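Me: Could you give me a close look at a single part, the protein surface near the DNA? Please spell out the cut-offs, so that I could recompute things myself.

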Protein chains: 2
Amino acid sequence: MSRIRPTAGEWEILQALWKLGPATVRAVHEEIGAGHYNTTLKLMQILAEKGLAARDEEARAHVYRAAVEREALQADAVEDVLERVFGGSAAELMQRALSRRKPKKGELKELRKMIDAWERGKG
Amino acid sequence: MSRIRPTAGEWEILQALWKLGPATVRAVHEEIGAGHYNTTLKLMQILAEKGLAARDEEARAHVYRAAVEREALQADAVEDVLERVFGGSAAELMQRALSRRKPKKGELKELRKMIDAWERGKG
DNA sequence: GCCAAACTACGAAGAGTTTCGTTGACAACT
DNA sequence: AGTTGTCAACGAAACTCTTCGTAGTTTGGC
């Protein structure tokens, strides 16, 4: 059960694919708005190789789509940091997360709601 | 103001140094408990080169110590993930952090306390 | 048909990371 | 003094990631 760990470049592509839905290289490249077209293409081909994206080759401009769920990958990423950087302490992670950026207005409320839900869930 | 981003191997060394305090390569290597001695040595030399660790060369077995604060590096790491993976949403990050591991008994309480403190701090 | 534009594909170059074999210095013990 | 063990240092090798030049194919306009 190996954890999926996209590189920084891959994350950027994936975020674009989740946002746009199925899209061509061109569309993703423009969404990102930086770098060489070929770099975007190459990264997307690599994502396809790795199984993180799938593509439809029917049309001349291949249509790519994310082949993994955003939520699952995010959970992997957070687990990774939690383990490697925080020794598993979610509280410590949260403390650092809030230490530099002031939470947006509703964010604290949302967090509190989440915690409530968790406690109710546990009974 | 570039963000410090240690590699996975570097994190492992740094965690050991923070835990042990100033320590020799041998001590760190045994704390980690895996891999080749020379790999540990090389990584520690690299950390020194990068300024993330400092060393005292007085003794034959050089004594290394972390040259950066754990908290600062953790904040960097979390900011990185927050930005790259979660588009800045701390709430979403927390949601994923709690999605797979059940929080320890006191963890939720601690989180709630942190949020309270934040809200009071803002007035 | 021919040319230009858009596209995929290929691969090489450069940087960074990790591993580890080898070497030479030093120390301890005999 | 010689042997053995520990250590730092160096560098090569394998690997990954990123970038981008180049080539070849397809499409559409003329």
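Reply: Happy to. Let's start with the layout of chain A: the centres of its domain 1 and domain 2, taken over C-alpha atoms, are separated by 29 Å. Domain 1 covers 8-66 and domain 2 covers 71-122, with bounds from an automatic or database domain assignment. This is a predicted model, in which local features need pLDDT of at least 70 and side-chain atom pairs pLDDT 80 or more, while totals for chains, interfaces and linings use all residues. Residues count from 1 along each chain as its sequence is written, chains are lettered from A and ligands numbered from 1 in the order written, and side-chain values use heavy atoms, without hydrogens or water.

Take DNA strand D to begin with. It is surrounded by 22 residues, where near means having a heavy atom within 4 Å. A:Thr7, A:Thr39, B:Arg26, B:Tyr37 and B:Arg60 are the closest of these. Of the strand D atoms within 4 Å of the protein, 59% belong to sugar or phosphate, and the rest belong to bases.

The individual atom pairs put names to this (polar contacts are N or O pairs within 3.5 Å). On the phosphate side, an N or O atom in the side chain of A:Thr7 is 2.6 Å from a phosphate oxygen of strand D. A:Gly9 uses its backbone instead: an N or O atom there lies 3.1 Å from a phosphate oxygen of the strand. On the base side, an N or O atom in the side chain of B:Asn38 is 3.5 Å from a base nitrogen of strand D. Two or more residues of this surface come from each of α1 (8-20) and α3 (37-50) of chain A and α2 (25-32) and α3 (37-50) of chain B. Helices here are DSSP runs of H or I with at least four residues, numbered from the N terminus. The top contributor is α3(A), with 6 residues. By class, the surface near strand D has 7 nonpolar, 8 polar and 7 charged residues; Asp, Glu, Lys and Arg are charged, Ala, Val, Leu, Ile, Met, Phe, Trp, Tyr, Cys and Pro nonpolar, and the others, including Gly, polar.

One residue of α2 in chain B deserves a short stop. B:Val28 sits in that helix, and B:Val28 counts as buried because its relative accessible area is 0%, the limit being under 20% (1.4 Å probe, protein chains only). Its C-alpha atom is 13 Å from that of B:Arg55, 27 residues away along the chain.

Now for DNA strand C. Around it are 22 residues, and A:Arg26, A:Tyr37, A:Arg60, B:Thr7 and B:Thr39 come nearest. Sugar and phosphate make up 58% of the strand C atoms that come within 4 Å of the protein. Chain A supplies the pairs worth listing here. A polar side-chain atom of A:Tyr37 lies 2.5 Å from a phosphate oxygen, and an N or O atom in the side chain of A:Gln45 is 3.1 Å from a phosphate oxygen of strand C. A:Asn38 turns to a base, with a polar side-chain atom 3.4 Å from a base nitrogen. The elements that give two or more residues to this surface are α2 (25-32) and α3 of chain A, together with α1 and α3 of chain B. Here α3(B) gives the most, 6 residues. Sorted by class, the surface near strand C comes to 7 nonpolar, 8 polar and 7 charged residues.

Note on methods:
Polar contact = N/O pair within 3.5 Å; in protein donor to acceptor, adjacent residues only side chain to side chain. Buried < 20%, exposed > 50% of the residue type's maximum accessible area, 1.4 Å probe, protein only.
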